[in-house]
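Visitor: I would like a close look at one part of this model. Please start from a single side chain and work outwards.

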Number of protein chains: 2
Amino acid sequence: MAIKGNLVVGQSGGPTAVINGSLAGVLAEAKKYKNIHKVFGMKHGIEGLLKKDFLDLTDCSLHTIQGLRVTPASALGGCRYKVKDNDYPQILEILKENNIRYFFYIGGNDSMDTCNKISMLAEKEGYEMQVIGVPKTIDNDLPVTDHCPGFGSAARYTAVSTAGAGKDLEAMKTFDDVAINEIMGRHAGWLAAASALAKNDFKDAPHLIYLPEREFSIEKFLEDVKAIHKELGYVFVSIGEGIRDASGEFIGGNKEDAVVDAFGHKAIALGNGPAAYLAKVIKENLGLQARYSRCGTIQRSFSECVSDTDYEEAYLVGLTAVKCAVEGQTGLMITLERTSNNPYTCVAGSVSLNKVANVEHFVPQEYINSQGNFVADQFYEYCLPLIGKNFPRYVRLI
Amino acid sequence: MAIKGNLVVGQSGGPTAVINGSLAGVLAEAKKYKNIHKVFGMKHGIEGLLKKDFLDLTDCSLHTIQGLRVTPASALGGCRYKVKDNDYPQILEILKENNIRYFFYIGGNDSMDTCNKISMLAEKEGYEMQVIGVPKTIDNDLPVTDHCPGFGSAARYTAVSTAGAGKDLEAMKTFDDVAINEIMGRHAGWLAAASALAKNDFKDAPHLIYLPEREFSIEKFLEDVKAIHKELGYVFVSIGEGIRDASGEFIGGNKEDAVVDAFGHKAIALGNGPAAYLAKVIKENLGLQARYSRCGTIQRSFSECVSDTDYEEAYLVGLTAVKCAVEGQTGLMITLERTSNNPYTCVAGSVSLNKVANVEHFVPQEYINSQGNFVADQFYEYCLPLIGKNFPRYVRLI
């Protein structure tokens, strides 16, 4: 028998194109249970909760819920507030005051840590509350889950934009030489790796991919670029924003510019970034014309290139969270479990929050080629089903 | 009676997402006339022609032609070669050698100039050849034509990316303050202006738009940003890449980096650009967090955000060019003529090449607000029909 009481849901960390799909899943499913009385949204995640800044979503219409599914970025507001140890008792107090018995937090690594601590405190204090984490991150770096909602859509955007800009560069090779595209993902290279997914042959972009999982060497990079340019007359390079050199310094990272967020992570996107820097390095060292692009948050919020797989799965993890909670489960993060790869099928599962809190899942070495400048075949197998329907096959005439 | 002989078609200047649609229109229509014998493509435009580097497209299948319609960037290769006065006699010689009687050049301002000169020389020399320019440019800066194929799709991309990244910024306003997006268009602000097209209310992005058509003042810019930030807590700014200060210098333009193309145009996109620079200016002067993005050639080559209107019109101008030529017309550029705005209808027309060669069409002052920091209502009326089907309406909860 599900406990009677109110529900709160929040969104945390950087948004995705489908994070509101997970919110929609929570809201739609919550409507089905009469033991769930009021439904509240935290405004700007745990920051809003601490300020008792709730939005009453109890009567949210199905029309609005459907609208959420096509609305990018966190409709409740995201946050980057790191919960301090002495915030937790206050959080629990506020939850009790509002008779919150269902707590859902849609977020990434840091949010799962917050979730875990709230869950443990509630248990310790004997306050019955179902606490479930709902995974979300374009970085795809949560452990245990096969992949993270939000990643597939950003990956599709990355693949499509790389394929198109690659065609552009190839067409303009009598004028342009090199294009460098800077791709999000912080310390994880999943998204940069995904830039390869629309490549069909050697001429297609990208020709080189550098992931933060491998130490970056400017010398090797210049050699790689030079070799491809000699062969094709143009080179398209995908760069993970978090690539670092042997000493652990971010490439192109300007220490004066560096901004550190509440979790102590360097906010790479707020500096000038590696792509602008490497474009200069190429010009100076190889004498080649180099352009760079950096789509920034457009990568994670572009609503016309959503993966249909991701769209469905983001909703699925939201509604599964509510299902698990009303069954009395708590202290979990919902996961996605791939049950078959061909045809691709996937179901929702769960894992204990303490197994995922603060753990980062990086691109494994077997997904990277031996030279460390491209992905391996296994990566395609893993990633292609996640980005949704097939791409149209482009025509090459020359 | 249409003249008997061969056809050549080329693509020039920067690519678009639908420039191959115009090529497809030429190829599909050419199949209908038995007086058109061989069909050749110039590889990399006039550069290829001068090298006699042709591709035989006579037997190009309808399947390939359909494939071209969804393939971004110039499938024949683009070029930025400025034809020299003493190239023209050679060009005519090569055209005669190959019995070219139909000459089609898909391009922008500079290409129409090339087209015009070839047309005049052929006429002067008494060589019967139908020369037709097919308009193309994401910059939308060709005169006479209501708009340019390629612009609508880039405009849609710009509108969708701005709306999404704006939602992202709004969600993250407790951490981020300002986002600046650098938009292509060289000296014309059409594309930067189009970033407003998915905005529904004051909270939506963009909040400020700066076009190259107006002199840019850093002081005014900082005042504008400060005022919006005070009101909303976040500010999304669209910047035309070609904005300049009172002395005519590009904002953020690094003279050492500046690259000049064959036409003497500064290749703005090869420098560091105004967005990165203005992000720094904001940090230093207002103490606000500022991100920047610069999608570069992704803006003009993104195949999953094509305007359906643009898709059809790009094809239309290609096939109309062939129709006009077989009717014996020459020395023309095909135009698009809007016959009604509600519902939007548009037909193909034509204009003498000498009226468009080297003429740039800028955003008129009545499309810009009095403060010079946003578009006026008339711009929406003009531009909305060009970007295709309606956007989904996003939901705002807080």
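Which ring does the charged end of A:Arg69 sit over, and how far is it from the ring's centre?

Guide: This is a predicted model, so every value here is computed from predicted coordinates. The ring belongs to A:Tyr315. The charged end of A:Arg69 sits 3.8 Å from its centre. Chain B has a matching arrangement: the charged end of B:Arg69 sits over the ring of B:Tyr315, with 3.8 Å to the ring centre.

Now the relation between the chains. A turn of 180° with a shift of 0.0 Å along the axis lays chain A on chain B, at an RMSD of 0.0 Å. That is the relation of a two-fold axis. The contact surfaces fit this picture. Of the interface residues of chain A, 100% are also interface residues in chain B, so the copies meet through the same surface.

Rings also join across the chains. A:Tyr157, A:Phe302, B:Tyr157 and B:Phe302 are linked into a cluster by ring pairs.

Step out to the helix and sheet in chain B. Seven strands form an open sheet there, with mixed pairing. Their order is S3-S2-S1-S4-S5-S10-S11. Strand S3 (54–56) and strand S11 (344–352) of chain B are at the edges. Each has a single partner strand, so one side of each is left without a neighbour in the sheet. On average, neighbouring strands are turned by 30° against each other, direction ignored.

Look at one pairing inside this sheet. Strand S1 (residues 5–11) and strand S2 (residues 36–42) of chain B run in the parallel sense and pair over four bridges. Within that pairing, B:Leu7 stands opposite B:Val39 in S2(B). Helix H10 (residues 308–326) of chain B packs on the sheet. The helix touches S2, strand S4 (100–107), strand S5 (130–135), strand S10 (332–341) and S11 of chain B. Its direction makes about 170° with that of S5(B).

Chain A also has an open sheet of seven strands with mixed pairing, in the order S3-S2-S1-S4-S5-S10-S11. Its edge strands are strand S3 (54–56) and strand S11 (344–352) of chain A, and each pairs on one side only. From one strand to the next, the twist averages 30°. Take another pairing here. Strand S4 (residues 100–107) and strand S5 (residues 130–135) of chain A pair over six bridges, in the parallel sense. A:Tyr105 stands opposite A:Gly133 in S5(A).

Back to the rings. Over all chains, the structure holds 27 aromatic pairs. One of them joins A:Phe379 and A:Tyr382. The pair is tilted, at 6.5 Å centre to centre and 45° between the planes. Both residues lie in helix H11 (residues 377–383) of chain A. They are three residues apart, about one turn of the helix. A:Phe379 and A:Tyr382 are both buried.

A second ring pair is B:Phe216 with B:Phe221. The ring centres lie 5.4 Å apart and the planes stand at 50°, so this pair is tilted. Burial can be checked for each partner. B:Phe216 has 4% relative accessibility, so it counts as buried. B:Phe221 is buried as well, with a relative accessible area of 0%.

How values were computed: Residues are numbered from 1 along each chain as its sequence is written. Chains are lettered from A and ligands numbered from 1 in the order in which they are written. This is a predicted model: local features need pLDDT of at least 70, side-chain atom pairs count only at pLDDT 80 or more; totals for chains, interfaces and linings use all residues. Side-chain values use heavy atoms; hydrogens and water are left out. Rings of Phe, Tyr and Trp (its six-membered ring) pair if their centres lie within 6.5 Å; planes under 30 degrees apart count as stacked, over 60 as edge-to-face and the rest as tilted. Helices (H or I, at least four residues) and strands (E, at least two) are DSSP runs, numbered from the N terminus. Buried means under 20% relative accessible area, exposed over 50%, partly exposed in between (1.4 Å probe, protein chains only). A charge sits over a ring if NZ of Lys or CZ of Arg is within 6 Å of the ring centre and within 35 degrees of the ring normal. Copies are superposed by least squares on the C-alpha atoms of residues with pLDDT of at least 70 in both. Contact means heavy atoms within 4.5 Å. Two strands pair if DSSP finds at least two bridges between them. Axes are lines fitted to C-alpha atoms, for helices over the stretch in contact, and angles run from 0 to 180 degrees between N-to-C directions.
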